[in-house]
Amino acid sequence: YVYYVTQYDGICEGLPATITVERQTVPAPTISGNKTICENEELPLTANNEVHWYSESPETATTYQTSMEHTVSYNTAGTYNLWVVRQDTYCSSNAVQLTINVNAIPDAPAITVNDVCEGSDVQFSATGTDIKWYKNSALVEEGATYSLQSVPAGSVQVSATQTVNGCTSAEAQSTATIHIIP
């Protein structure tokens, strides 16, 4: 922008002086980090410069955090927004709105098993999605069922989880009793 300024003393006007004003633009920040997480999971975000992080629209926000890195976590599934503004000495960028999707942690899968006699096979079944089976905390099988062949008398305990939309449930425990043949 070009402006002309003159001085006027009430009688005479001086020669115009030219003032050129350059509008400084601040590039919008670039944010890296996954934008989908599970409930209670921490989401680290990184900006390419130091920025102001807002949890509500900058036009109405009263607080913000200034840094290149910012971590958020949400307790409830849903869609959340963050706004990021890059601030230089005198100018600010336009706000960049980030949408963060928070997926629910699914319930533990329902497990069924029948007690059997020694030497028989034991089959555990689970109802859920993307089932993983564990025995003594070690992953032993993936799928809706887990079988053990020719099991001796006693008991067998296993656990299973399910994963839905990238979020894994707590473990469900199940115990099968293997009876001695009389």
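Which backbone oxygen does the side chain of Gln162 reach, at 2.8 Å? In this predicted model, the side chain of Gln162 reaches the backbone oxygen of Asp107 at that distance of 2.8 Å, and the views below begin with this residue.

**View 1. Gln162 and its surroundings in strand β15.** Gln162 belongs to strand β15, which comprises residues 154-164. With a relative accessibility of 10%, Gln162 counts as buried, because the limit for that class is under 20% relative accessible area. Besides its approach to the backbone oxygen of Asp107, the side chain of Gln162 also reaches the backbone nitrogen of Thr129, again at 2.8 Å. When neighbours within four places in sequence are left aside, the residues in contact with Gln162 include Pro106, Asp107, Ala108 and Pro109, as well as Gly128, Thr129, Asp130 and Ile131. Cys167, Thr168 and Ser169 are also in contact with Gln162.

**View 2. Thr163, the next residue of strand β15.** Thr163 is likewise part of strand β15, and at 14% relative accessibility Thr163 counts as buried. Leaving aside neighbours within four places in sequence, Thr163 is in contact with Thr129, Asp130 and Thr168, and these three residues also appear among the contacts of Gln162.

**View 3. The strand partners of β15.** Strand β12, made up of residues 131-135, pairs with β15 in the antiparallel sense over 4 bridges, and within this pairing Trp133 stands opposite Ala160 of β15. Strand β17, which covers residues 172-179, is also paired with β15 in the antiparallel sense, here over 7 bridges, with Gly154 standing opposite Ile178 of β17. A further antiparallel pairing, over 2 bridges, joins β15 to strand β16, which consists of residues 167-168.

**View 4. The hairpin of β15 and β16.** These two strands form a hairpin in which 2 residues lie between them. Val164 of the hairpin stands opposite Cys167 in β16, while Asn165, located in the turn, has a positive phi of about 55°. Cys167, which faces Val164 in this pairing, is also one of the residues in contact with Gln162.

**View 5. The salt bridge of Asp130 and Lys132.** Side chains of opposite charge can pair when their charged atoms come close. Asp130 forms a salt bridge with Lys132, in which the closest N and O atoms are 3.3 Å apart. At 40% relative accessibility, Asp130 counts as partly exposed, whereas Gln162, with which Asp130 is in contact, counts as buried. Asp130 is also in contact with Thr163, and Lys132 lies within the residue range 131-135 of strand β12.

**View 6. The salt bridge of Arg86 and Asp88.** The count for the model comes to 2 salt bridges, and one of them is formed where the side chains of Arg86 and Asp88 meet, at 3.9 Å from N to O. Arg86 is buried, its relative accessible area being 14%, whereas Asp88, at 34% relative accessibility, counts as partly exposed.

**View 7. A nonpolar patch on the surface.** Tyr1, Tyr3, Val5, Ile19 and Val21 form a nonpolar patch on the surface, and together they have about 490 Å² of accessible area. Val5, one of the members of this patch, lies in strand β1, which covers residues 2-5. The relative accessible area of Val5 is 40%, so Val5 is partly exposed.

Notes
Residues are numbered from 1 along each chain as its sequence is written. This is a predicted model: local features need pLDDT of at least 70, side-chain atom pairs count only at pLDDT 80 or more; totals for chains, interfaces and linings use all residues. Side-chain values use heavy atoms; hydrogens and water are left out. Buried means under 20% relative accessible area, exposed over 50%, partly exposed in between (1.4 Å probe, protein chains only). A polar contact is a pair of N or O atoms within 3.5 Å; within protein, one must be able to donate a hydrogen and the other to accept it, and residues adjacent in sequence count only if both atoms are side-chain atoms. Contact means heavy atoms within 4.5 Å. Patches are made of residues with over 30% relative accessible area and no salt bridge: like charges are joined within 9 Å, nonpolar side chains (Val, Leu, Ile, Met, Phe, Trp, Tyr) within 5 Å. Accessible areas come from the Shrake-Rupley method with a 1.4 Å probe; for residues, only the protein chains shown count as cover. A salt bridge is a side-chain nitrogen of Lys or Arg within 4 Å of a carboxyl oxygen of Asp or Glu. Two strands pair if DSSP finds at least two bridges between them.
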